[in-house]
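The following exercises concern charged side chains and a nonpolar surface region. Please study the sequence and the structure before reading the solutions.

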Amino acid sequence: MLKRQVACGLLLLMGPCLALAKEFPVQARFFLGSTGVDPQNVNQTIEPLGLKKMETHNQIGLEVTYPIVNFLEVGLRYSKKFASSDEKDTDLMTDYSAKVDQDAVLLLARVPIVKTDIFRADVFAGFGGTNTTFKLTTAGQNGELKKSAAEGWFSTPYTAAGASVGLGYNKIYFFAEGGVETNKVDGFERSGSINGSLSTVDLSGSYFMIGLMIDGIPGSFK
């Protein structure tokens with residue numbers, strides 16, 4: 001249901017642009033970044049089991065946007081998000097860990113603040129969804145928590161907002177972005193022997209990313 005809403009929202013935003021022109025400039029961003037997190041329920045479970053505290057949630061992904069009007073660009077962002085916690089005291093005889101694997105899609109809108117040949121700056125906000133898997137492997141607990149929707153739909157709401165700046169020339173820019181994500185998952189399907197008190201994985205927090213932006217790629221539709 002959530003993914004259908006995201007897709008319908010994008011089509012509504014695309015309508016005015018597609019009605020006006022068959023060609024339009026597309027902006028693509030390739031990025032990697034990290035979010036500072038404090039998933040208390042997770043850390044309260046894994047630290048007594050000899051694992052390190054989980055403090056970061058990393059991501060890599062792709063974003064594509066295009067302008068509806070001069071002051072508004074809309075599009076989609078896909079992120080592969082992952083976090084892990086290893087043993088506090090490494091033991092070659094064991095391979096204990098806690099891992100989070102997440103797919104996230106964000107429908108977003110960007111508002112350009114500065115746009116010159118060599119410098120770009122904008123602010124943005126977006127709404128989307130995630131599918132999430134948490135795996136825990138220790139001597140005392142071994143299992144999986146999973147929250148995903150059938151047939152590729154996204155099961156949990158996810159939001160982000162922030163600002164970015166880019167520096168470059170001739171359509172190619174290196175950019176940096178900072179912002180805040182709301183990314184809290186509950187209602188998992190459980191398997192294995194994970195402690196029942198672990199029912200929420202909160203990956204919300206402030207993030208920072210860097211990447212490559214290609215602005216002004218010719219886009220068209222038939």
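## Exercises on a predicted model

At 1% relative accessibility, E63 counts as buried. The structure is a predicted model, and the exercises below begin with this residue.

**Exercise 1.** Determine which residue forms a salt bridge with E63, and where the two partners lie in the chain.

*Solution.*
Step 1. The partner is R110: the closest N and O atoms of R110 and E63 are 2.7 Å apart, and a salt bridge requires a distance within 4 Å.
Step 2. E63 belongs to strand β2 (residues 56–69) and R110 to strand β4 (residues 97–115), so the pair links distant parts of the chain, 47 residues apart.
Step 3. R110 has 0% relative accessibility and therefore counts as buried, the cut-off being under 20%.

**Exercise 2.** Establish which other residue forms a salt bridge with R110, and which network results from shared partners.

*Solution.*
Step 1. E177 also forms a salt bridge with R110, with 2.7 Å between the closest N and O atoms.
Step 2. E177 is in strand β8 and R110 in strand β4; this pair links distant parts of the chain, 67 residues apart.
Step 3. Both E177 and R110 are buried.
Step 4. Through salt bridges that share partners, R29, E63, R77, R110, D122 and E177 are joined into one network.

**Exercise 3.** Examine the salt bridge between E181 and K81: which strands hold the two residues, and are they buried or exposed?

*Solution.*
Step 1. The side chains of E181 and K81 meet at 2.8 Å, N to O.
Step 2. Strand β8 (residues 172–182) contains E181 and strand β3 (residues 72–86) contains K81, so the salt bridge ties together parts that are 100 residues apart in sequence.
Step 3. E181 has a relative accessible area of 1% and is buried; K81 is likewise buried, with a relative accessible area of 1%.
Step 4. For context, a search of the whole structure finds 14 salt bridges.

**Exercise 4.** Describe the nonpolar surface patch, and state how accessible V111 is.

*Solution.*
Step 1. The patch covers about 790 Å² and is made by V111, I113, V114, I118, F119, V123, V165, L167 and Y169.
Step 2. Strands β4, β5 (119–137) and β7 (156–169) each supply at least two of the patch residues.
Step 3. V111 is found in strand β4. The relative accessible area of V111 is 32%, so V111 is partly exposed.

Note on methods:
Residues numbered from 1 in each chain as written. Predicted model: local features only at pLDDT ≥ 70, side-chain atom pairs only at ≥ 80, totals over all residues. Heavy atoms only, no water. Helix = DSSP H or I, 4+ residues; strand = E, 2+ residues; numbered from the N terminus. Buried < 20%, exposed > 50% of the residue type's maximum accessible area, 1.4 Å probe, protein only. Patch = residues over 30% accessible without salt bridge, like charges linked within 9 Å, V, L, I, M, F, W, Y side chains within 5 Å. Areas by Shrake-Rupley, 256 points an atom, 1.4 Å probe, with all protein chains shown as cover.
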